[in-house]
Amino acid sequence: MAKEKTQFVCQECGYQAPRFLGRCPNCGKWNTFVEEVIAPATTTAKTATSLSGGTVTKPEKLAEVSMQKEPRVKTQLGELNRVLGGGVVPGSLILIGGDPGIGKSTLLLQVSGQLSQTGGKVLYVSGEESANQIKMRANRLGVASDNLYLYPETDMSRIRANINEMKPDYVVIDSVQTMSEPEITSAIGSVSQIRQVTAELMRIAKSQGVTIFVVGHVTKGGAIAGPKVLEHMVDTVLYFEGDLHHTYRILRAVKNRFGSTNELGIFEMQEDGLKEVKNPSEIFLEERLKDATGSAIVVSMEGTRPILVEIQALLTPSVFGNAQRTASGLDRNRVSLIMAVLEKRANLMLQNQDAYLKAAGGVKLDEPAIDLALAISIASSYRDKGTNPNECYVGEIGLTGEVRRVNRVEDRVKEASKLGFKRIYIPKNNLKDWTAPTDIEVIGVATLGEALHKILA
């Protein structure tokens with residue numbers, strides 16, 4: 001009997017090596033290599049499938065390809081429809097990742113109940129819970145439908161057979177790390193298993209027109225566990241974020257072949273499930289103190305939606321030699337950069353100040369347009385002078401102290417005006433080629449020094 005051939009595979013990135021390595025040369029992670037048996041060539045050929053479901057296809061001219069536009073299916077959660085680009089696309093493969101206990105299964109069970117009420121047949125496959133446990137959650141959420149089927153199973157061959165027999169319109173896989181392909185000899189949750197299971201789900205979705213929702217576990221760093229190819233294979237990648245100590249949850253699209261990326265949806269976790277938040281800006285601003293120092297409001301674009309968020313800064317004299325820089329919901333490197341520009345271009349002595357900054361409400365801000373609000377909040381705390389509660393700030397700051405133009409400034413100004421703000425500071429170059437609303441004062445600033453003089457004089 002021939003000896004089985006083995007290889008060592010990195011469980012973080014999928015790098016393959018003929019022997020064990022302590023550190024992966026591809027991703028740099030330590031102690032991630034696991035020994036896996038190399039499948040025979042016949043088995044590999046048997047498991048390899050095409051998106052056409054096995055039918056023979058030929059190259060076609062682009063002009064001769066027939067395109068059938070299928071309407072999107074809208075759920076009762078408008079925030080989810082927004083993140084998906086207008087609704088669920090038939091035949092798509094959607095990956096949802098998030099921390100344990102954040103509400104991924106709750107969201108998908110609610111969506112399954114809503115989709116089953118539209119006349120579609122839904123198969124909910126769970127590798128982590130029994131049918132009784134899912135039924136208990138469904139009763140709490142008020143989910144009940146004759147078109148919703150529960151199937152606790154982890155064997156991919158049985159799942160595939162039931163999909164072929166039932167012919168559902170929607171399938172939920174909870175989660176992909178618990179599914180196993182019996183012809184792959186490696187352990188459940190390994191790189192080989194995840195890659196093969198995802199490829200099989202993609203084939204089913206494209207060949208049969210079934211919309212498949214896949215739950216993915218995340219690592220300590222917040223990335224979806226498994227090889228990065230998992231995110232490349234699917235059509236849409238959604239991240240479900242939030243603080244377990246608060247009720248608000250954020251659904252963010254980081255990849256979407258059928259809509260805008262970085263789209264944002266806000267939900268509130270209640271006793272009977274997730275409820276969508278219609279106007280998240282009011283929630284992020286509702287607890288703001290009127291005369292607080294170190295507070296500045298920014299109009300940030302999350303996908304196609306403008307959101308007003310409060311940026312808070314607290315500066316205190318440093319006790320030790322090296323000043324601390326702490327940021328929550330903000331990029332720490334961006335905070336250090338803005339503080340360096342303030343020190344060099346605005347003559348603020350910040351090198352002996354500990355700085356603590358956060359974006360209120362648990363939202364994460366990473367676009368360049370938040371620079372001006374960051375600088376105003378830091379300068380306000382340093383000078384111990386409060387900002388006007390009726391003002392908000394938008395602008396990118398360069399290293400020479402200039403305030404650079406930002407995109408979609410009209411939408412930002414309209415959102416600030418709608419929420420009752422009386423004045424907004426924007427880059428001076430953004431004042432060209434459009435007419436500002438009459439119910440809000442729009443002030444253009446060209447440099448950081450000019451902005452500080454007008455706002456904190």
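Okay, before anything else, one term: when I say two residues are in contact, I mean they have heavy atoms within 4.5 Å of each other. With that in hand, here's the protein, and please keep in mind that this is a predicted model.

Counting contacts with a separation of 6 or more, 67% of them join residues 24 or more positions apart. The chain has 457 residues, and buried ones make up 50% of them. If you fit principal axes to the C-alpha trace, the spans come out at about 80 × 55 × 50 Å. In secondary structure terms, we've got twelve helices and 21 strands.

Now the outside. The accessible surface is about 22400 Å², and carbon and sulfur atoms hold 50% of that. As for charge, there are 54 positive and 52 negative side chains, and if you take the centre of each set, those two centres sit 4 Å apart.

Right, on to the sheet. It's an open one with nine strands and mixed pairing, and the order runs β6-β5-β7-β8-β4-β9-β10-β11-β12. So which strands stand at the edges? Those are β6, residues 148-152, and β12, residues 273-276; each has a single partner strand, so one side of each is left without a neighbour in the sheet. On average, neighbouring strands here are turned by 25 degrees against each other, ignoring direction.

Let's zoom in on the β6 end. Its pairing with β5, residues 122-126, is parallel and runs over five bridges. If you want a spot to find on screen, look for Val-122, which stands opposite Leu-148 in β6.

Two helices that pack on this sheet are worth pointing out. Helix α3, residues 104-117, touches β4, β5, β6, β7, β8, β9, β10 and β12. Its direction makes about 160 degrees with that of β5. Then there's helix α4, residues 131-141, which touches β5, β6 and β12. For α4, the angle is taken against β6, and that's about 145 degrees.

Last stop, a single residue: Thr-32. You'll find Thr-32 in the loop between β2, residues 16-17, and β3, residues 33-37. Is Thr-32 buried or exposed? The cut-off for buried is under 20% relative accessible area, and Thr-32 has 10% relative accessibility, so Thr-32 counts as buried. And what is Thr-32 in contact with, once we leave aside its neighbours within four places in sequence? The list is Val-9, Cys-10, Gln-11, Glu-12 and Cys-24.

That's my tour, thanks.

Methods. Residues are numbered from 1 along each chain as its sequence is written. This is a predicted model: local features need pLDDT of at least 70, side-chain atom pairs count only at pLDDT 80 or more; totals for chains, interfaces and linings use all residues. Side-chain values use heavy atoms; hydrogens and water are left out. Helices (H or I, at least four residues) and strands (E, at least two) are DSSP runs, numbered from the N terminus. Buried means under 20% relative accessible area, exposed over 50%, partly exposed in between (1.4 Å probe, protein chains only). Accessible areas come from the Shrake-Rupley method with a 1.4 Å probe; for residues, only the protein chains shown count as cover. Lys and Arg count as positive and Asp and Glu as negative; His and the chain ends are not counted. The place of a charge is taken as NZ of Lys, CZ of Arg, CG of Asp or CD of Glu. Two strands pair if DSSP finds at least two bridges between them. Axes are lines fitted to C-alpha atoms, for helices over the stretch in contact, and angles run from 0 to 180 degrees between N-to-C directions.
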